[in-house]
Amino acid sequence: MLGNKDAVANVALRDLDVATNFYKNTLGLAPVHEEGNEAVVFRSGTSEINVYRSVYPGTNKATAVTCNVDNVKEEVAALKSKGVVFEHYDMPGMTRDGDVYVSGDLKVAWFKDPDGNILNVPGR
């Protein structure tokens with residue numbers, strides 16, 4: 001069944017050019033395929049993220065994409081240098097150190113793409 005198949009994240013957006021710029025130039029993902037003016041597939045590690053035009057972008061109130069990183073604080077600093085603004089939430093059981101939330105060994109930071117889709121970078 002699906003247990004040995006790759007899963008792909010799908011992210012709705014309004015403007016494909018704006019999203020392509022963000023995912024490629026801000027996040028550093030490599031575009032691997034385009035579907036005209038409707039969608040772009042990006043490579044992230046060994047996975048893929050489909051960004052596609054929709055009339056419903058940013059309506060998901062939960063995390064849409066997670067990119068595991070080795071050092072959350074370094075990744076946050078690198079993304080901030082590219083203009084990414086990090087989200088601050090009320091997270092019971094977690095403390096916040098700047099833009100990074102901490103719970104034991106887990107560290108995580110959340111941010112949004114230009115359409116308001118929530119992404120995060122967790123690590124240990």
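This is a short talk on how the strands, helices and largest pocket of one predicted protein model are arranged.

Good morning, everyone. Please keep in mind throughout that we are looking at a predicted model, and let me begin with the overall layout before I turn to the separate parts. The protein has two helices and 10 strands, and if we walk along the chain from the N terminus, the elements come in the order β-α-β-β-β-β-α-β-β-β-β-β. The radius of gyration is 15 Å, close to the 14 Å that the globule rule gives for 124 residues, so the protein is as compact as a globular protein of that length. Along its principal axes, the C-alpha trace spans about 45 × 35 × 25 Å.

Let us now look at the sheet that contains the strands S1 to S4. Its four strands form an open sheet, and they are arranged in the order S1-S4-S3-S2, with mixed pairing. Which strands stand at the edges? They are S1, residues 8–13, and S2, residues 30–35, and each has a single partner strand, so one side of each is left without a neighbour in the sheet. From one strand to the next, the twist averages 25°.

The mixed character of the pairing can be followed strand by strand. S4, which covers residues 47–53, pairs with S1 in the parallel sense, over six bridges; along this pair, Val8 stands opposite Glu48, and Val11 has Val51 as its bridge partner. S3, by contrast, runs antiparallel to S4, and six bridges join the two. Here Arg43 has Glu48 as its bridge partner, so that we meet Glu48 again, having already seen this residue opposite Val8. S3 and S4 form a hairpin with two residues between them, and in the turn we find Gly45 with a positive phi of about 65°.

Where does the helix H1 lie with respect to these strands? H1, residues 16–26, lies across S1, S2, S3 and S4, and it runs at about 5° to S3.

Further along the chain we come to a second group of paired strands, in which S9, residues 106–112, takes part in several pairings. S9 pairs with the strand S6, residues 86–87, in the antiparallel sense over two bridges, and there Glu87 stands opposite Trp110. S9 is also joined by three bridges to S8, residues 100–103, and these two strands run antiparallel, with Lys107 as the bridge partner of Val102. Between S8 and S9 there are two residues, making a hairpin in whose turn Gly104 has a positive phi of about 65°. Finally, S9 pairs with S10 in the antiparallel sense over six bridges, where Lys107 appears once more, this time with Gly123 as its partner. The hairpin of S9 and S10 has five residues between the strands, and Gly116 in its turn has a positive phi of about 90°.

I would like to end with the largest pocket, which has a volume of about 190 Å³. What kinds of residue make up its lining? Nine of the residues are nonpolar, two are polar and one is charged; among them are Leu27, Ser44, Ile49, Glu75, Phe111 and Val121. The helix H2, residues 72–81, and the strand S10, residues 118–123, each supply at least two residues of this lining.

Conventions:
Residues numbered from 1 in each chain as written. Predicted model: local features only at pLDDT ≥ 70, side-chain atom pairs only at ≥ 80, totals over all residues. Heavy atoms only, no water. Pairing = 2+ DSSP bridges. Axes fitted to C-alpha atoms, helices over the stretch in contact; angles between N-to-C directions. Contact = heavy atoms within 4.5 Å. 1 Å grid on protein atoms, 1.4 Å probe; cavity = no way out; pocket = protein on both sides within 12 Å on 5 of 7 lines; lining within 4 Å. Points joined across faces, edges and corners; volume = space filled by probe spheres on them. Nonpolar A, V, L, I, M, F, W, Y, C, P; charged D, E, K, R; others polar. Rg over C-alpha atoms; globule rule 2.2 N^0.38 Å.
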